[in-house]
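User: Please take a close look at one buried aromatic residue in this model and its surroundings. Walk me through what it touches, and then work outward.

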Amino acid sequence: MAEPPRARTPQAVLFACGQNSIRSVMAASLLQQMFPHALYVKSAGVKKGEVDPFVTAVMAELGQDVSKHKPTTFEELDDWEGLNFDLIITLSPEAHHKALDLTRTDAAEVEYWPTQDPSGVEGNREQKLAAYREVLDGLLLRIRKRFSKGGAASG
């Protein structure tokens, strides 16, 4: 069976989730780190959340500082700079619906990457960090696969 045609490489990417405090923050930071000058990368949420200290901790393990991230909504992003993205990757159902609604008249491509919200995991600090690392690892694999030149994950 033939491979489906590969999606074009975008110039501006928006990652979106429910509150722009966990999943979209991780994904945007990962992609920006991989392509610091080649892509314009932002993140947003349906609602405004709070900075999540577990995100800051797991991203720091990769040498990425997201401690100064300010959660942003779709509306705030649109007010500040417009939603001028050619790819919006949604990580939660509510963000996917919002992105589809906002892009009805735009040429932006919307991809849905269902991603578990790790904030609901119960347990001690290490168990919670493990849940966040699992989400981070999953996002890293998807990003590598989607944005690598050949379409396959690279080490």
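Analyst: Leaving out neighbours within four places in sequence, Phe 15 is in contact with Ser 24, Ala 27, Ala 28, Leu 31, Val 41, Lys 42, Ser 43, Ala 44, Ile 89, Leu 91, Trp 113 and Ile 143. This is a predicted model. Phe 15 has 0% relative accessibility, so it counts as buried.

Start with the strand. Phe 15 lies in S1. S1 covers residues 12–17 and runs parallel to S2, residues 40–45. Six bridges join the two strands. The bridge partner of Phe 15 in S2 is Ser 43. Ser 43 is also among the contacts of Phe 15.

Next, the helix. H1 spans residues 23–34, and together S1, H1 and S2 form a right-handed β-α-β unit. Ser 24 sits in H1. Its relative accessibility is 0%, so Ser 24 is buried as well. Beyond four places in sequence, Ser 24 touches Phe 15, Ala 16, Cys 17, Ser 43, Ala 44 and Leu 91. Ser 43, the bridge partner of Phe 15, is thus on the contact list of Ser 24 and on that of Phe 15.

The loop between S1 and H1 holds Asn 20. Asn 20 is not a glycine, yet its phi is positive, at about 55 degrees. Most residues other than glycine have a negative phi. Asn 20 is buried, with a relative accessible area of 0%.

Now the ring of Phe 15. Three aromatic pairs are counted in the model. In one of them, Phe 15 meets Trp 113 edge-to-face. The centres are 6.1 Å apart and the planes make an angle of 65 degrees. Over 60 degrees counts as edge-to-face. Trp 113 lies in the loop between S4 (109–112) and H5, so this pair ties together parts that are 98 residues apart in sequence. Trp 113 is buried too, with a relative accessible area of 3%.

A further pair joins Phe 54 and Tyr 132. The ring centres are 5.3 Å apart and the planes stand at 35 degrees, so this pair is tilted. Phe 54 is in H2 and Tyr 132 is in H5, so the pair ties together parts that are 78 residues apart in sequence. Both residues are buried.

Phe 15 also belongs to a wider nonpolar set. The largest nonpolar core has 30 residues, and Phe 15, Met 26 and Phe 147 have the most contacts inside it. The elements that give two or more residues to this core are S1, H1, H2 (53–61), S3 (87–90) and H5 (125–147). H5 supplies the largest share, eight residues. A second core is separate from this one. It has 12 residues, including Ala 16, Ala 44, Phe 74 and Leu 77. Ala 44 is on the contact list of Phe 15, although it belongs to this second core. In soluble globular proteins, nonpolar side chains tend to be buried together.

Follow the contacts of Phe 15 to Ile 89. Ile 89 stands opposite Glu 111 in S4. S3 and S4 run parallel and are joined by four bridges. With H4, residues 93–102, S3 and S4 make a right-handed β-α-β unit. S1, H1 and S2 also make a right-handed unit of this kind.

H2 and H5 meet at Val 58 as well. Val 58 is in H2. Its relative accessible area is 0%, so Val 58 is buried. Setting aside residues up to four places away, Val 58 touches Met 26, Leu 129, Tyr 132, Arg 133 and Leu 136. Tyr 132 is the ring partner of Phe 54, and Met 26 is named with Phe 15 for the most contacts inside the largest core. Val 58 and Leu 14 are 21 Å apart, C-alpha to C-alpha, and 44 residues apart in sequence.

Finally, the far part of H5. The charged end of Arg 146 sits over the ring of Phe 147, 5.2 Å from its centre. Lys 145 also lies in H5. Lys 145 is exposed, with a relative accessible area of 53%. Phe 15, by contrast, is buried at 0%.

How values were computed:
Residues are numbered from 1 along each chain as its sequence is written. This is a predicted model: local features need pLDDT of at least 70, side-chain atom pairs count only at pLDDT 80 or more; totals for chains, interfaces and linings use all residues. Side-chain values use heavy atoms; hydrogens and water are left out. Two strands pair if DSSP finds at least two bridges between them. A crossover is right-handed if, with the strands pointing away from the viewer, the path from the first strand over the helix to the second runs clockwise. A nonpolar core is a set of buried Ala, Val, Leu, Ile, Met, Phe, Trp, Tyr and Cys residues joined through side-chain atoms within 4.5 Å. Buried means under 20% relative accessible area, exposed over 50%, partly exposed in between (1.4 Å probe, protein chains only). Contact means heavy atoms within 4.5 Å. Rings of Phe, Tyr and Trp (its six-membered ring) pair if their centres lie within 6.5 Å; planes under 30 degrees apart count as stacked, over 60 as edge-to-face and the rest as tilted. A charge sits over a ring if NZ of Lys or CZ of Arg is within 6 Å of the ring centre and within 35 degrees of the ring normal.
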